[in-house]
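Reader: I have a model open and want to read its helices and pockets. Where should we start?

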Amino acid sequence: MAEADGVRWDGKYSGRTAGPPCLPEVFVPYSDEFPIAGHAVELACGFGQASVWLAERGLTVEGVDVSAVAIEQAQGLAARHGVSNRCAFSVTDLDDGLPPGPPAAVILCHRFRDPTLYPAIGDRLAAGGLLAISVLSEVGAERGPFRARRGELRDAFAGLRSLAAGEGDGQAWLLARRPRS
Ligand SMILES: C[S@@+](CC[C@H](N)C(=O)[O-])C[C@H]1O[C@@H](n2cnc3c(N)ncnc32)[C@H](O)[C@@H]1O
């Protein structure tokens, strides 16, 4: 299944070049909430634009994606921006679960949805760590197998302290922090 995903995404990405480092648009108004140190994990990082943005901010970043084409672009982007020493990108199939690693100051996941990973994502956050997640949603869109039902992120991450959230126009997103105690 994920092998097929890798081939499919390699095809989509092939011939394209990574744009500049940036946060996904939905999180831009909250950019000050992102820490300037610590370890970040970006799930399904694609071309790594957000990972490199986090690395430029001062974090060390682990970016994973099933597409080898995307990961090569992400590595190139990090090199062009002089942050390769703070970025570790790898071809990783998230169908196998979240890769192990230290508690994360930030977990970013934009436009990739796998509800089976939600508990591990919450567990991997360090105390005070920030989760920034956005998924396709059924709210304001046709129902579909890849779309979150209404309230899915709120329910899955009820143990975190929500800073901001939105649901509509086919997208759901959440910015939330793990309580310190
Ligand atoms: C819609 S793109 C989003 C990419 C990036 N987060 C962004 O916002 O530009 C979905 C990403 O999920 C990745 N992906 C799909 N299935 C995956 C899997 N099983 N494991 C890891 N990554 C996967 C794809 O390769 C693709 O880069």
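Author: We take one helix, then a record feature, then the pockets. This is a predicted model: local features need pLDDT of at least 70, side-chain atom pairs count only at pLDDT 80 or more, and totals for chains, interfaces and linings use all residues. Residues are numbered from 1 along each chain as its sequence is written, and side-chain values use heavy atoms, with hydrogens and water left out.

Reader: Which residues of helix H2 are buried?

Author: Buried means under 20% relative accessible area (1.4 Å probe, protein chains only). Helices are DSSP runs of H or I, at least four residues; strands are E runs of at least two, and both are numbered from the N terminus. In H2 (residues 49-57), Ala50, Ser51, Val52, Trp53, Leu54 and Ala55 are buried.

Reader: What covers the buried residues of H2?

Author: Look for contact, heavy atoms within 4.5 Å. The cover includes strands E1 (39-43), E2 (60-65), E3 (87-91) and E4 (104-110), plus helix H3 (68-80). Just after H2, Gly58 has a positive phi of about 125°.

Reader: Where does UniProt place the methyltransferase domain?

Author: UniProt positions use the numbering here, feature names are shortened, and annotations may be inferred rather than shown by experiment. The unreviewed entry gives "domain: Methyltransferase" at residues 41-109. The end C-alpha atoms of that span lie 8 Å apart. The span is 32% helix and 29% strand.

Reader: Which element gives the largest share of the lining of the largest pocket?

Author: Lining residues have an atom within 4 Å of a pocket point; pockets are open sets on a 1 Å grid over the protein atoms alone, where a 1.4 Å probe fits, with protein on both sides within 12 Å along at least five of seven lines. H1 gives the largest share, six residues.

Definitions and conventions: Buried < 20%, exposed > 50% of the residue type's maximum accessible area, 1.4 Å probe, protein only.
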